[in-house]
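Keep the viewer open and follow the stops below in order. At each stop, make the selection and then read what is there.

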Amino acid sequence: MEEAISAIRRTGAEMGLPYLMGLYAEALGDSGRLDGARKSVEADLELGRCNGTYFQLAEVLRIEAFIRENSGGGPDEIEQMLHKAANVATLQRSAIGQLRIAVELARGLRRRGEVDEARELIAPHGELVGKLGDSQDGRAASEFC
């Protein structure tokens with residue numbers, strides 16, 4: 001993935017690059033390489049700010065919260081980061097982004113024992129969850145149905 005990102009940078013075509021860098025950061029985080037993940041998502045967000053590329057910004061912010069959580073961020077900090085991502089997803093009219101963020105917020109509520117509140121967070125997305133079926137996002141949201 002590093003080679004692909006480098007190749008895109010060499011072409012100068014950076015339209016979707018911040019999102020790809022976000023996915024790379026998430027993969028680094030999944031593999032326990034949290035310092036690299038943090039640096040990648042920071043560079044990703046800075047690139048977006050510099051060139052005005054906000055494609056999939058809500059998803060990148062969700063990934064940033066995931067990395068921060070796995071790096072020891074507290075629940076209140078993570079929730080605040082996810083609410084920021086949710087606001088962006090709403091502005092971008094990203095239904096899947098809103099669902100993914102709602103799932104992460106619902107998981108936090110469930111960890112605190114607030115299961116009913118977690119379900120309420122997912123409920124407005126019921127139609128989309130039905131359409132997603134057995135996809136990864138559909139299964140994640142179905143944890144709360």
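Select Asp76, Gln80, Lys84, Asn87 and Leu91 on helix H5: these are exposed residues on the face of H5 turned away from its buried side. The model in front of you is a predicted one.

Now select the buried residues of H5, which are Ile78, Met81, Leu82, Ala85, Ala86, Val88 and Ala89. Look down the axis of H5: the buried residues fall within an arc of 160°, so they line one face of the helix. An α-helix has 3.6 residues a turn, so residues three or four places apart point the same way. What do the buried residues of H5 pack against? Their partners are helix H4 (57-70) and helix H6.

For the length of H5, put a distance between its first and last C-alpha. The helix has 17 residues and reaches 24 Å, close to the 24 Å expected at 1.5 Å a residue.

Step off the end of the helix. Arg93 comes just after H5 and has a positive phi of about 55°. Arg93 is a residue other than glycine with a positive phi. It belongs to the loop between H5 (75-91) and H6. Is Arg93 buried or exposed? Its relative accessibility is 77%, so Arg93 counts as exposed.

Carry on to H6 and select Leu105, which lies in that helix. Leu105 has a relative accessible area of 10% and is therefore buried, the cut-off being under 20%. Which residues does Leu105 contact, once neighbours within four places in sequence are left aside? They are Glu79, Leu82, His83 and Leu121. Leu82 is also one of the buried residues of H5.

Next, show H6 (residues 95-111) together with H7 (residues 115-122). The two helices pack at an angle of about 170°, and their axes are 8 Å apart. Because angles over 145 degrees count as roughly antiparallel, H6 is roughly antiparallel to H7. To see the contact, select Ala102, Val103, Leu105, Ala106, Leu109 and Arg110 on H6, then Val115, Glu117, Ala118, Leu121 and Ile122 on H7. Sorted by class, this contact has nine nonpolar, no polar and two charged residues.

For a longer view, draw a line from the C-alpha of Leu105 to that of Asp44. These residues are 61 apart along the chain, and their C-alpha atoms are separated by 23 Å.

Asp44 takes you to H3, where it is among the buried residues. H3 (residues 34-51) has 18 residues and reaches 26 Å from its first C-alpha to its last, close to the 26 Å expected at 1.5 Å a residue. Select its buried residues: Ala37, Ser40, Val41, Asp44, Leu45, Leu47 and Gly48. They cover an arc of only 155° around the axis, which puts them on the same side of H3. Turn the helix round, and on the other side you find Arg49 and Cys50, which are exposed. H3 is followed by Gly52, with a positive phi near 75°.

Stay on H3 and pick Ser40. Its relative accessible area is 9%, so Ser40 is buried. What is Ser40 in contact with, leaving aside neighbours within four places in sequence? The contacts are Met21, Tyr24, Ala25 and Leu28.

Move to helix H2 (residues 17-30) and select Leu23. With 26% relative accessibility, Leu23 counts as partly exposed. Not counting residues up to four places away in sequence, Leu23 touches Met1 and Ile63. Leu23 and Met1 are 22 residues apart in sequence, and their C-alpha atoms are 9.4 Å apart in space.

Glu26 is also in H2. Is Glu26 buried or exposed? At a relative accessible area of 17%, Glu26 is buried. It touches Arg62, Ile63 and Phe66, again not counting residues up to four places away in sequence. Ile63 is thus touched by Glu26 and by Leu23.

The last stop is Ala7, in helix H1 (residues 2-11). Ala7 counts as partly exposed, at 29% relative accessibility. Finish by drawing a line from Ala7 to Ala37: the two are 30 residues apart in sequence and 19 Å apart in space, C-alpha to C-alpha.

Key. Residues are numbered from 1 along each chain as its sequence is written. This is a predicted model: local features need pLDDT of at least 70, side-chain atom pairs count only at pLDDT 80 or more; totals for chains, interfaces and linings use all residues. Side-chain values use heavy atoms; hydrogens and water are left out. Helices (H or I, at least four residues) and strands (E, at least two) are DSSP runs, numbered from the N terminus. The expected span of a helix is 1.5 Å times one less than its number of residues. Buried means under 20% relative accessible area, exposed over 50%, partly exposed in between (1.4 Å probe, protein chains only). The arc is that of the directions from the helix axis to the C-beta atoms. Axes are lines fitted to C-alpha atoms, for helices over the stretch in contact, and angles run from 0 to 180 degrees between N-to-C directions. Angles under 35 degrees count as roughly parallel, over 145 as roughly antiparallel, 65 to 115 as roughly perpendicular and the rest as oblique. Contact means heavy atoms within 4.5 Å. Ala, Val, Leu, Ile, Met, Phe, Trp, Tyr, Cys and Pro count as nonpolar, Asp, Glu, Lys and Arg as charged, and the others, Gly among them, as polar.
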